Amino acid sequence: MAISVASLASSFASLSFSSQISQKPYAVSLAHSKQFSFSLTSKIPTLVVSASVAEAPETEELETRENLLKLVKSRLPGGFAAQPIFGTGRRKSASARVVLQEGSGKIIINYRDAKEYLQGNPLWIQYVKTPLATLGYEASYDIFVKVEGGGLSGQAQAISLGIARALLKVSESHRKPLRVEGLLTRDARVVERKKVGLKKARKRPQFSKR
């Protein structure tokens with residue numbers, strides 16, 4: 001079936017095409033643009049972050065320490081050794097020198113408040129206050145302490161012994177109630193030394209038969 005080129009040309013010429021392509025290249029128009037319209041300028045909630053730089057408490061701590069230092073120097077002329085009512089306490093490797101003066105119950109350790117120095121630990125604070133509480137002198141004496149060596153637990157117990165010994169110089173009648181509570185006894189327990197061939201004082205390496 002051979003079809004002539006002339007017949008094909010005449011058939012194509014009879015067909016008519018209608019197009020609505022715009023003359024501008026790459027331009028597309030939407031007939032129903034209102035239905036799909038949206039605004040890009042909608043309000044987006046903004047996150048406001050405000051940062052404030054807090055003042056470091058170091059200046060306040062320095063001021064309080066300076067004030068306590070001035071207080072101790074004014075209350076203890078000549079230093080700790082020149083005071084009439086004092087006591088020395090020891091525990092483990094800690095050594096505390098305690099001075100008692102009539103006052104309102106302040107406790108100053110190494111020119112710092114006792115609660116701050118002992119990190120607010122209730123047990124350590126109780127060690128310090130027990131001798132005064134035994135005699136009912138919680139608000140009768142101010143305590144000034146200079147302590148060194150060991151940890152805070154040993155220092156607190158050394159301070160307790162120093163306060164008890166200082167109270168004996170206030171009155172000899174304080175000996176009996178303090179002795180009953182065991183506050184005048186020096187606790188001589190210390191860490192046992194490590195032994196040669198052992199891991200610690202008593203701990204041995206695991207035994208192997210072969």
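The accessible surface of the protein chain comes to about 16200 Å². Carbon and sulfur atoms account for 56% of that area. This is a predicted model, so every value here is computed from predicted coordinates. The chain has 210 residues, and 25% of them count as buried. Contacts across the sequence are common: among contacts with a separation of 6 or more, 68% join residues 24 or more positions apart.

Start with the parts list. The protein chain holds 6 helices and 5 strands. Followed along the sequence, they come in the pattern α-α-β-β-β-β-α-α-β-α-α. Four strands thus come in a row, and a fifth follows after two helices.

Now turn to the sheet. The 5 strands form one open sheet, in the order β1-β2-β5-β3-β4. Its pairing is mixed. Strands of a sheet pair through backbone hydrogen bonds, either parallel or antiparallel. Which strands stand at the edges? They are β1 and β4, the latter spanning residues 112-113. Each has a single partner strand, so one side of each is left without a neighbour in the sheet.

Begin at the β1 edge. β1 covers residues 86-91. β1 and β2 pair in the antiparallel sense, over 6 bridges. The two strands form a hairpin, with 2 residues between them. K92 sits in that turn and has a positive phi of about 55 degrees. Further along the pair, T88 stands opposite R97 in β2.

Next comes the other side of β2. Strand β2 runs over residues 94-102, and strand β5 over residues 141-148. The two run antiparallel and are joined by 8 bridges. R97 appears again here, standing opposite K146 in β5. R97 therefore has T88 opposite it on one strand and K146 opposite it on another, β5. V98 has its own bridge partner in β5, namely V145. In a regular strand the side chains alternate between the two faces of the sheet.

What packs on the sheet? Helix α5, residues 152-170, does so. The helix touches β1, β2, β3 (107-109) and β5. Its direction makes about 150 degrees with that of β1.

One residue of β5 deserves a closer look. D142 is found in this strand. Is D142 buried or exposed? D142 has a relative accessible area of 4%, so it counts as buried. The side chain of D142 makes a polar contact with the side chain of R75, at 3.2 Å. A polar atom of the D142 side chain also lies 2.9 Å from the backbone nitrogen of K106. Leaving aside residues up to four places away in sequence, D142 touches R75, V99, L100, Q101, E102, G103, S104, G105 and K106. R75 and K106 are thus among the residues that D142 touches.

Charged side chains provide a further set of links. How many salt bridges does the model contain? The count comes to 8 salt bridges. One of them joins D187 and R91, with 3.3 Å from N to O. This pair links distant parts of the chain, 96 residues apart. D187 lies in the segment after α6 (175-180), while R91 belongs to strand β1. The two partners differ in cover. R91 is buried, because its relative accessible area is 7%. D187 counts as partly exposed, at 22% relative accessibility.

A second salt bridge joins E192 and R202, at 3.2 Å from N to O. Both residues lie in the segment after α6, so the pair ties together parts that are 10 residues apart in sequence. E192 is partly exposed, with a relative accessible area of 38%. R202 is exposed, at 64%. Salt bridges that share partners also join R65, R112 and E116 into one network.

Another salt bridge is formed by the side chains of E172 and R175, at 2.6 Å from N to O. E172 counts as exposed, at 51% relative accessibility. R175 is partly exposed, with a relative accessible area of 34%.

To review the picture, return to the sheet. β2 is joined to β1 over 6 bridges and to β5 over 8. Helix α5 packs on that sheet. D142 is buried in the model, and R91 is buried too. The salt bridge between D187 and R91 connects β1 with the segment after α6.

Technical notes: Residues are numbered from 1 along each chain as its sequence is written. This is a predicted model: local features need pLDDT of at least 70, side-chain atom pairs count only at pLDDT 80 or more; totals for chains, interfaces and linings use all residues. Side-chain values use heavy atoms; hydrogens and water are left out. A salt bridge is a side-chain nitrogen of Lys or Arg within 4 Å of a carboxyl oxygen of Asp or Glu. Buried means under 20% relative accessible area, exposed over 50%, partly exposed in between (1.4 Å probe, protein chains only). Two strands pair if DSSP finds at least two bridges between them. Contact means heavy atoms within 4.5 Å. Axes are lines fitted to C-alpha atoms, for helices over the stretch in contact, and angles run from 0 to 180 degrees between N-to-C directions. A polar contact is a pair of N or O atoms within 3.5 Å; within protein, one must be able to donate a hydrogen and the other to accept it, and residues adjacent in sequence count only if both atoms are side-chain atoms. Accessible areas come from the Shrake-Rupley method with a 1.4 Å probe; for residues, only the protein chains shown count as cover.
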